[in-house]
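Biologist: I should like to learn how the features of a structural model are read. Could we take them one at a time, with the general idea before the case?

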Amino acid sequence: MKKEDAVNLLRRAGCSERVIDHCIAVAELAGELAKRHNADYDLVTTAALLHDIGRAKTHGVDHAMAGAEIARDLDLDEKIVRIIERHIGAGIPADEAQKLGLPNKDYVPKTLEEKIVAHADNLVMGTKKVSIDEVLKNMQKILGKQHPAIQRMRELHAELYQ
Ligand SMILES: [Fe+2]
């Protein structure tokens, strides 16, 4: 899909310009990671552009599920749908998802393309690239030092930046 077509989908879904700018910044970093890891570049950049389409409906953690639903309604490739659905942090396993009030389902990125989009999003705040140390520090502040999401974030970063 061309970049402008993906951006049009975001706009038609009702995403703000701020969300759209963020998606474009995430797609740039995700594209770099896709090249570096020989991942599917078109899939990664298209899904990265669309990863926050659910923010047209909600800015809660459930924006990933809302986004997957919008993408399914748009008849987008199931690979794109899953990238959107699994892009929160370094992923949310079913037991934690349930505690967050999400449907009892595993939201951990599995494929290289799913991991790249999730992590490019982790490293872009707004339109600005941030360091993994900053990301981990923020997570510790919000979740506490022992939360398993922090270790998952470290591992995902190590996998993509070894
Ligand atoms: Fe998101």
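**Reading the model feature by feature**

Modeller: Let us begin with a single residue: K115 is found in helix α7. Please keep in mind that this is a predicted model.

Biologist: Is K115 buried or exposed?

Modeller: The label rests on relative accessible area, with buried meaning under 20%. K115 has a relative accessibility of 17%, so it counts as buried. Leaving aside neighbours within four places in sequence, its contacts are P109, K110, L156, E159 and L160.

Biologist: How many residues of the helix α7 are buried?

Modeller: One reads the label residue by residue and then looks at the element. In α7, 10 of the 11 residues are buried, so this helix is largely enclosed by the rest of the structure. The buried residues include E113, E114, H119 and D121, and also I116, V117 and A118. As for partners, the buried residues of α7 pack against α2, α3, α5, β1 (124-125), α8 and α9.

Biologist: Which residues coordinate the iron ion?

Modeller: For a metal site, one reads the donor atoms and then their places along the chain. The iron ion is coordinated by D52 through OD, and by H63 and H87 through NE2, at 2.0 to 2.2 Å. The spacing of these donor residues in sequence is D-x10-H-x23-H. D52 lies in the loop between α3 (41-50) and α4 (63-73), while H63 belongs to helix α4, so the pair ties together parts that are 11 residues apart in sequence. Both D52 and H63 are buried.

Biologist: Which residues touch the most other members of the largest nonpolar core?

Modeller: A core is read from its members and from the elements that supply them. The largest nonpolar core has 47 residues, and L50 and I53 touch the most other members. At least two residues of this core come from each of α1 (3-13), α2 (17-36), α3, α4, α5 (78-85), α7 (112-122), α8 (132-143) and α9 (148-160). The largest share, 10 residues, is that of α2. Leaving aside neighbours within four places in sequence, L50 is in contact with A6, L9, L10, L76, I80 and I84. A second, separate core has seven residues, among them A64, I88, I92 and L102.

Biologist: What is the volume of the largest pocket, and which residues are closest to its centre?

Modeller: A pocket is read from its volume and its lining. The largest pocket has a volume of about 940 Å³. It is lined by 33 residues, of which R55, I88, G89, N122 and M125 are the closest to its centre. Two or more lining residues come from each of α2, α6 (94-99), α7, β1, α8 and α9. The element that gives the most is α8, with five residues. By class, the lining has 14 nonpolar, 12 polar and seven charged residues.

Biologist: Which residue in the loop between α2 and α3 has a positive phi?

Modeller: Here one reads the backbone angle together with the residue type. N38, found in the loop between α2 and α3, has a positive phi of about 55 degrees although it is not a glycine. N38 is exposed, with a relative accessible area of 72%. D75, another residue other than glycine, also has a positive phi, near 65 degrees. D75 is placed in the loop between α4 and α5, and it is exposed at a relative accessible area of 71%.

Conventions
Residues numbered from 1 in each chain as written. Predicted model: local features only at pLDDT ≥ 70, side-chain atom pairs only at ≥ 80, totals over all residues. Heavy atoms only, no water. Donors = N, O, S within 2.8 Å, 3.2 Å for Na, K, Ca; no water. Helix = DSSP H or I, 4+ residues; strand = E, 2+ residues; numbered from the N terminus. Buried < 20%, exposed > 50% of the residue type's maximum accessible area, 1.4 Å probe, protein only. Core = buried A, V, L, I, M, F, W, Y, C linked by side-chain atoms within 4.5 Å. Contact = heavy atoms within 4.5 Å. 1 Å grid on protein atoms, 1.4 Å probe; cavity = no way out; pocket = protein on both sides within 12 Å on 5 of 7 lines; lining within 4 Å. Points joined across faces, edges and corners; volume = space filled by probe spheres on them. Nonpolar A, V, L, I, M, F, W, Y, C, P; charged D, E, K, R; others polar.
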